[in-house]
Every structure is written in C-alpha cells, then in structure tokens.
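Here are a few notes to read with the model open beside you. They go point by point, and most of them are about aromatic rings.

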Amino acid sequence: VVRMKRAVQDALARATPRTVDRFASLKRPFAFKVRTFDETAEDDQVVRYCRKYSGNAADDVIDVFRTMRRELKPLQGQTRETWLQVVALGDVAIAGVPAEYFTSLGLDIKGRSPFKNTLIAELANDWIGYLPDREAQRLGGYQTWMGLHSYAEEGTGERVADEIVAMLQELVRGTGEVKP
C-alpha cells in the first residue's frame, strides 16, 4: 500500500494539465452466438481437471458445471446482443468491452488502435462472461469451459476486437457524437 501510494503521488507530482480538444463516442449493438458444445467432451475436460486439481471439492465443481451445461444446452447457437462502446478524449481512447476480456485481445486492440493511447475497460455496459482468444480456447482451462461464465462461441473475442478497432478508426475520421 505504501509503495502504491508513493507511486500515485509521484505520478501526480509529474502530471501536467492537458487540453482536451475533442470528446466523441460511439456505442453500437454487437450480436454473438451461444457456443455449441459436445457434452461428453466438455464433461471429460472438467472431470479430468477437477480430479487432478480440486481435491475434495472435485465432485461439487463437476456438478456445478454439469448443471450449467444443462441450462445452456437448449440455448446453443442462439443469437444474443450486447453493446460495444468507444470514447475519444483528445488523443486518448477508451474501448468498452462487455466481458472479462483476455489480455491478448486487449493488446491486439491497443496495437491496432489509431490513437496514441488506448485503454480497455472491461465489463462495460454488460457482462457476457469470459471472452478468450482462439488460442486460449484451444488450450482449455476453466475460463473456457462451457458454462454461464463462458458461453460465447469461439472467435467472439476476436470479432469484438475487430469491431472496436473499426469504431476507433471512425472516431479518428471524425465520426461519432462530438461534445464540447
């Protein structure tokens, strides 16, 4: 806590006022689908992991995931809608994603952003669970197991990144609601 306080105080002491000559934002609906899944393959992943790492809680965790999958089974392939938002404050952009967004996807947005500084705000305007990238989906792990915490179809995270970058490019071109 002491080091964090000192770091914040040092940063504030070095900060200089900046003129913000522009404030603009865009907010758009974004459609995605509930992932389709193979019950046996999903159950095998959860059981294998839990038997290895969850000790006495393994059966309880396995049951929780089985219950979530039963709830999600009739929703497979269903289209859902959420919101994406971008805000420009001078040369700073804030990208709002409605999920717990994997770091690699946020870094992808930052790397392709036309703004000098881009921040990623997770859990903005909605929550659609964990959004892994395709590589994380391939590797597996509890954040990617089918459940109420992670149900968007594979590739949704990359689609969000592509749409956010397109929205940021629109803001650079002067599109978006501009406020004085």
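Does Trp 145 count as buried or exposed?

1. Keep in mind that this is a predicted model. As for Trp 145, its relative accessibility is 3%, so it counts as buried, the cut-off being under 20%.

2. Now look at who sits beside that ring. Tyr 49 and Trp 145 make an edge-to-face aromatic pair, with 5.2 Å from centre to centre and 75° between the planes. Tyr 49 belongs to helix H2, while Trp 145 is in the loop between helix H5 (134-139) and helix H6 (156-172), so this pair ties together parts 96 residues apart in sequence. Tyr 49 itself counts as partly exposed because its relative accessibility is 34%.

3. The structure has four aromatic pairs in total. Another one is Tyr 49 with Tyr 53: the ring centres are 4.8 Å apart and the planes meet at 45°, so this pair is tilted. Both tyrosines are in helix H2 (residues 39-53), four residues apart, or about one turn of the helix. Tyr 53 has 52% relative accessibility and therefore counts as exposed.

4. Put these together and you get one aromatic cluster, made up of Tyr 49, Tyr 53, Phe 65 and Trp 145.

5. There is also a charge over a ring to look for: Lys 27 lies over the face of Trp 83, 5.1 Å from the ring centre.

6. Finally, try helix H1 (residues 2-14). Its 13 residues span 18 Å from the first C-alpha to the last, close to the 18 Å expected. H1 is hardly covered, with zero buried residues among the 13.

Conventions. Residues are numbered from 1 along each chain as its sequence is written. This is a predicted model: local features need pLDDT of at least 70, side-chain atom pairs count only at pLDDT 80 or more; totals for chains, interfaces and linings use all residues. Side-chain values use heavy atoms; hydrogens and water are left out. Helices (H or I, at least four residues) and strands (E, at least two) are DSSP runs, numbered from the N terminus. The expected span of a helix is 1.5 Å times one less than its number of residues. Buried means under 20% relative accessible area, exposed over 50%, partly exposed in between (1.4 Å probe, protein chains only). Rings of Phe, Tyr and Trp (its six-membered ring) pair if their centres lie within 6.5 Å; planes under 30 degrees apart count as stacked, over 60 as edge-to-face and the rest as tilted. A charge sits over a ring if NZ of Lys or CZ of Arg is within 6 Å of the ring centre and within 35 degrees of the ring normal.
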